[in-house]
Amino acid sequence: MANLKLGSSDVKQLLANYESRQRQLQFELDHTKNMIRNLKSALPTIEQTEAEQAAILAEYEVETPVASTEATQPEAKRRGRPAKDKTTTAKPKAAKPKAAKEKVKKERKERASGYRLSEYDELVFKALRDTDHALINSQIVAFIEQDKAAKGENPGADEIQTMVVRSLQKLANRRDDIKKVPYEGRGMAYALPEWLNGQGVIKKKHAHKE
């Protein structure tokens, strides 16, 4: 193989190629980091949706025996047509499915009323109350980071972001304890219910601020 010698122009061209490749690799690295961050942020929402679907399925399974009991009652009447006492015993059985439904509804209501706020739920409320105006997700995360740092705690931005997303999903979407309000940027800001007027518009003094 011939011993090639590179001139200054060749070296400059190689440097340009390598620097271009370095920039491409850096871009891919930054893009990958953003994708990881976005996936981590989306994960609590996906898990919450799956949990809600599982809860609905569990409730459906609880109510399924009710339908089967009602469906078998006509057969019991046909088989017991000669004997009148079987017909009289079938009526009390019909009351059991109704009682079961009422019990499920009562337990569901009690679970909802007995909900306790988590640490991050409380921190979200604290961020809103202390700033006294609507906040977007990143502002809530920044507030909690400072609050944690003041206590000598450093759980990390990714963990805080994940927990804040989970709390906002719970407080704004499921419980309606806080309200979503539009602001001048993309997405939604979050506000306390008492900051909205009768038309559902946030009062000027509580509006989002940069």
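## The turn after helix α3

Just after α3, D132 takes a positive phi of about 65 degrees. This model is predicted. D132 lies in the loop between α3 and α4. With a relative accessibility of 36%, D132 counts as partly exposed.

Several partners of D132 come from elsewhere in the sequence. Setting aside neighbours within four places in sequence, D132 is in contact with W195, K205 and H206. The C-alpha atoms of D132 and L192 are separated by 9.1 Å, and these two residues are 60 residues apart along the chain.

A positive phi also appears after another helix. α5 is followed by D176, whose phi is positive, near 60 degrees.

## The chain as a whole

The secondary structure of the chain comes to 5 helices and 2 strands. Along the sequence these elements follow the pattern α-α-α-α-α-β-β.

The chain has 210 residues, and buried residues make up 23% of them. Contacts between residues at least 6 apart in sequence can be sorted by separation: 59% of them join residues at least 24 apart.

## Helix α3

Helix α3 covers residues 119-131, which is 13 residues. From its first C-alpha to its last, α3 reaches 18 Å, close to the 18 Å expected at 1.5 Å a residue.

Which residues of α3 are buried? They are Y120, D121, L123, V124, F125, A127 and L128. The cover over the buried residues of α3 includes two helices, α4 (137-150) and α5 (157-174), and the strand β2 (188-191). By contrast with those buried positions, E119 in α3 is partly exposed, with a relative accessible area of 47%.

## Helix α5

Helix α5, part of the cover over α3, has 18 residues. The distance from the first C-alpha of α5 to its last is 25 Å, close to the 26 Å expected at 1.5 Å a residue.

The buried residues of α5 are I160, Q161, T162, V164, V165, S167, L168, K170, L171 and A172. Two of these, Q161 and T162, also appear in the lining of the largest cavity. R166, another residue of α5, counts as partly exposed at 32% relative accessibility.

## Salt bridges

Side chains of opposite charge can pair when their charged atoms come close. How many salt bridges does the count come to? The count is 9.

One of them joins the side chains of E47 and R166, with 3.5 Å from N to O. E47 lies in helix α1 and R166 in helix α5, so the pair ties together parts that are 119 residues apart in sequence. E47 is partly exposed, with a relative accessible area of 37%, and R166 is partly exposed as well.

Another salt bridge forms between E119 and K148, whose closest N and O atoms are 2.3 Å apart. This pair links distant parts of the chain, with E119 in helix α3 and K148 in helix α4, 29 residues apart. Are the two ends of this pair buried or exposed? E119 is partly exposed, whereas K148, at 6% relative accessibility, counts as buried. K148 also meets the side chain of E153 in a salt bridge, at 3.1 Å from N to O. E153 is partly exposed, with a relative accessible area of 38%. Together, E119, K148 and E153 are linked in a network of salt bridges.

## The cavity

Rolling a probe the size of a water molecule over the atoms shows where empty space is left. In this model the count comes to 1 cavity of 30 Å³ or more. About 30 Å³ of space lies in the largest cavity.

Which residues line the largest cavity? The lining is made of R37, K40, S41, D158, Q161 and T162. Helices α1 (8-79) and α5 each supply at least two residues of this lining. By class, the lining has 3 polar and 3 charged residues, and no nonpolar ones. Helices α1 and α5, which both contribute to the lining, are also the two helices that hold E47 and R166.

Note on methods
Residues numbered from 1 in each chain as written. Predicted model: local features only at pLDDT ≥ 70, side-chain atom pairs only at ≥ 80, totals over all residues. Heavy atoms only, no water. Helix = DSSP H or I, 4+ residues; strand = E, 2+ residues; numbered from the N terminus. Expected span 1.5 Å × (residues − 1). Buried < 20%, exposed > 50% of the residue type's maximum accessible area, 1.4 Å probe, protein only. Contact = heavy atoms within 4.5 Å. 1 Å grid on protein atoms, 1.4 Å probe; cavity = no way out; pocket = protein on both sides within 12 Å on 5 of 7 lines; lining within 4 Å. Points joined across faces, edges and corners; volume = space filled by probe spheres on them. Nonpolar A, V, L, I, M, F, W, Y, C, P; charged D, E, K, R; others polar. Salt bridge = Lys/Arg side-chain N within 4 Å of Asp/Glu carboxyl O.
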